[in-house]
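I sat down with this one to go from the whole chain to single residues. These are my notes, in the order I took them.

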Amino acid sequence: MTPSALAQTAPRRDEFFWLGEINKASAVINTGEGLLDPASTLRIAAGLEKVLEAGERPGGKRPTLVITFEPLLIEAAGVEATLLHAGRSSQDMLATVRAAMLRDALLQLAGQLHKATGTMLRLAEAHAGTIVPNYTNGVAAQPNSYGHYLLGHIAGLKRDAERLRQAYARLDLSPMGTTVLNGTSWPLNRDRMAQYLGFPGTVDNAYDAAQILATEMPVEIGAVVNSMALHVGAFVEDVMTQYAQPRPWILLREGGGNTYVSSAMPQKRNPGLLNDTRAEASRVITAGVGRVIQAHNIPPGMSDAKSARDNTAVVAGAVRMLAAFDRVLNALVISPERALEELNSDWTASQEVADRLMREYRLPFRVGHHFASEVVSYAKTNDIRPSDFPYAEAQRIYAETVRHEMQVENATLPMSEAEFRATLDPVAIVRNRATRGGPQPAEMARMIGAAKDDLAAQDGWIRERRQRIDGALAALDGDFRKLLTQAK
């Protein structure tokens, strides 16, 4: 069966679905443990099956609240169907429904984050040796491997995935059986209930379950998606700066809705996909911050911030944002030649002059820095590219700098002309980096390998959680079917 066909036949895991699962689990557990009369429970189970089947039909009723679900159950099985409600409350039932829905949404988000990170990692591997300018304070700063730059972004996305998993672990606990505030005299088996609903454990404190945690988790999830949106927005804006240049070294591939032409200016190719992705990121941040605004200054027990639809919508927005981000990554066109041209037309390699004078000739760094800075100032004043800078001027500036900074007369620039020019080679600078975590080939290979391992671990985490939930629901359905068989 194709994924699309599976999607069409799979039940919608909305409030109605999870209320049905809670009722099925209540019937199975309470009957099996002798808490309810088997004859009554069998009739209730048959009525529940009718309600659930009717809800799956086109136009069928799918109530989202306990108080609107229960009348359908009474209609199908009689008032004795309310025996299922012993030891339960709308509070713990809806807290469980919301947790289950948010749990599904977070797994979808984790999958989309994994996909986008994988796309970025493939791009990083492909451009491990592509040398480009990197920018700080909006100004070209140093040459770098584009792959190394992308691995920096991947490190941020890895932390997003870690935050998501940590939030998921706090969410993935069953509130069922805590009733309103402090439990009940009805000995509902909370552990079995959690197991049937795919939770690995229960919320320990009954008051916390529906009153504190239920309001706190949407705020935490809002912070998690905000972090993702900040990372996406920063990347998009970095690409956007290239579109203001007459000859960018990175663009979007035209066609496929990536760009669009201006209605008045024929030369323009507007980066529509970048604009749309940034707008999605802004919407995510707006919604994420909204979780805090809606939850603050209310006493425990209020429902303001608990809406399943509102909170899953925040996550759904983040999924859309990451899907658009993945499209951006797949549409990038990088020109290594143009990037290298930009590097060689500016002085982004000048720090290496100061570094080399300190490393090889023990010149104090600040003196070497002042020398390199004066070289750059002279070059910019006279419109000289690094490759064309007169070596004699470098010698003169060095002597003046050392005299001023160290009171040494007639100092000689210790670097030969060939060494001076080689020091300004951006490709060599990147290749010869010695810092752990730098862009040199050996470190790039190590970090790419580590990123691949991390992605594989993320994929395993997602699969394991989905399998646990699906397996638990399948087991519940099987045990509920046994009840129905006895009823018939």
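The entries below start with the overall picture and then move to particular spots.

**Entry 1: the whole chain**

I note up front that this is a predicted model. I looked up the secondary structure first and got 17 helices and six strands. The radius of gyration is 31 Å, well over the 23 Å that the globule rule gives for 488 residues, so I have the chain down as more spread out than a compact globule. The C-alpha trace agrees with my eye on the screen: about 105 × 50 × 40 Å along the principal axes.

Next I looked at burial. Of the 488 residues, 49% are buried. The chain exposes about 22,800 Å², and 54% of that comes from carbon and sulfur atoms. For contacts between residues at least 6 apart in sequence, I find that 76% join residues at least 24 apart.

**Entry 2: salt bridges**

I pulled the list of salt bridges and it has 34 entries. I picked a few to look at.

Which parts does the R192–E33 pair tie together? R192 forms a salt bridge with E33, with 3.3 Å between the closest N and O atoms. R192 sits in helix α7 and E33 in the loop between α2 (15-32) and α3 (38-56), so the bridge ties together parts 159 residues apart in sequence. I checked exposure at both ends: R192 is partly exposed at 26% relative accessible area, and E33 is partly exposed at 32%.

Then I went to D160 and R163, whose closest N and O atoms are 3.1 Å apart in their salt bridge. They are three residues apart in helix α6, so about one helical turn separates them. Is D160 buried or exposed? D160 comes out buried, with a relative accessible area of 0%. Its partner R163 is partly exposed at 30%.

R396 and E393 also make a salt bridge, with the closest N and O atoms 2.7 Å apart. Both are in helix α14 (residues 391-406), three residues apart, about one turn of the helix. I have R396 as partly exposed, at 33% relative accessible area.

Last on this topic, I found a network of salt bridges that links E21, K24, E49, D477 and R481. I marked these residues for display together.

**Entry 3: T179 and its surroundings**

I moved on to T179, in the loop between α6 (146-171) and α7 (190-196). Its relative accessible area is 7%, and buried means under 20%, so T179 counts as buried. What does its side chain reach? A polar atom of the T179 side chain lies 2.8 Å from the backbone oxygen of G183.

I also asked which residues T179 is in contact with, leaving aside neighbours within four places in sequence. My list reads G87, R88, S89, Q91, D92 and T184.

**Entry 4: a nonpolar patch**

Which residues form the nonpolar patch on the surface? I get V180, L181, Y207 and I212, with about 310 Å² of accessible area together. I placed I212 in helix α8 (residues 206-240). I212 is partly exposed, with a relative accessible area of 33%.

**Entry 5: positive phi**

I scanned the backbone angles and stopped at two asparagines. N137 has a positive phi of about 55 degrees although it is not a glycine. Where is N137? I find N137 in the loop between β1 (131-136) and β2 (139-145). Its relative accessible area is 80%, and the cut-off for exposed is over 50%, so N137 counts as exposed.

For N410, phi is near 55 degrees, a positive value in a residue other than glycine. N410 lies in the loop between α14 and α15 (417-423). I noted N410 as exposed too, with a relative accessible area of 70%.

Conventions:
Residues are numbered from 1 along each chain as its sequence is written. Side-chain values use heavy atoms; hydrogens and water are left out. Patches are made of residues with over 30% relative accessible area and no salt bridge: like charges are joined within 9 Å, nonpolar side chains (Val, Leu, Ile, Met, Phe, Trp, Tyr) within 5 Å. Accessible areas come from the Shrake-Rupley method with a 1.4 Å probe; for residues, only the protein chains shown count as cover. A salt bridge is a side-chain nitrogen of Lys or Arg within 4 Å of a carboxyl oxygen of Asp or Glu. Helices (H or I, at least four residues) and strands (E, at least two) are DSSP runs, numbered from the N terminus. Buried means under 20% relative accessible area, exposed over 50%, partly exposed in between (1.4 Å probe, protein chains only). A polar contact is a pair of N or O atoms within 3.5 Å; within protein, one must be able to donate a hydrogen and the other to accept it, and residues adjacent in sequence count only if both atoms are side-chain atoms. Contact means heavy atoms within 4.5 Å. The radius of gyration is taken over C-alpha atoms; the globule rule is 2.2 Å times the number of residues to the power 0.38.
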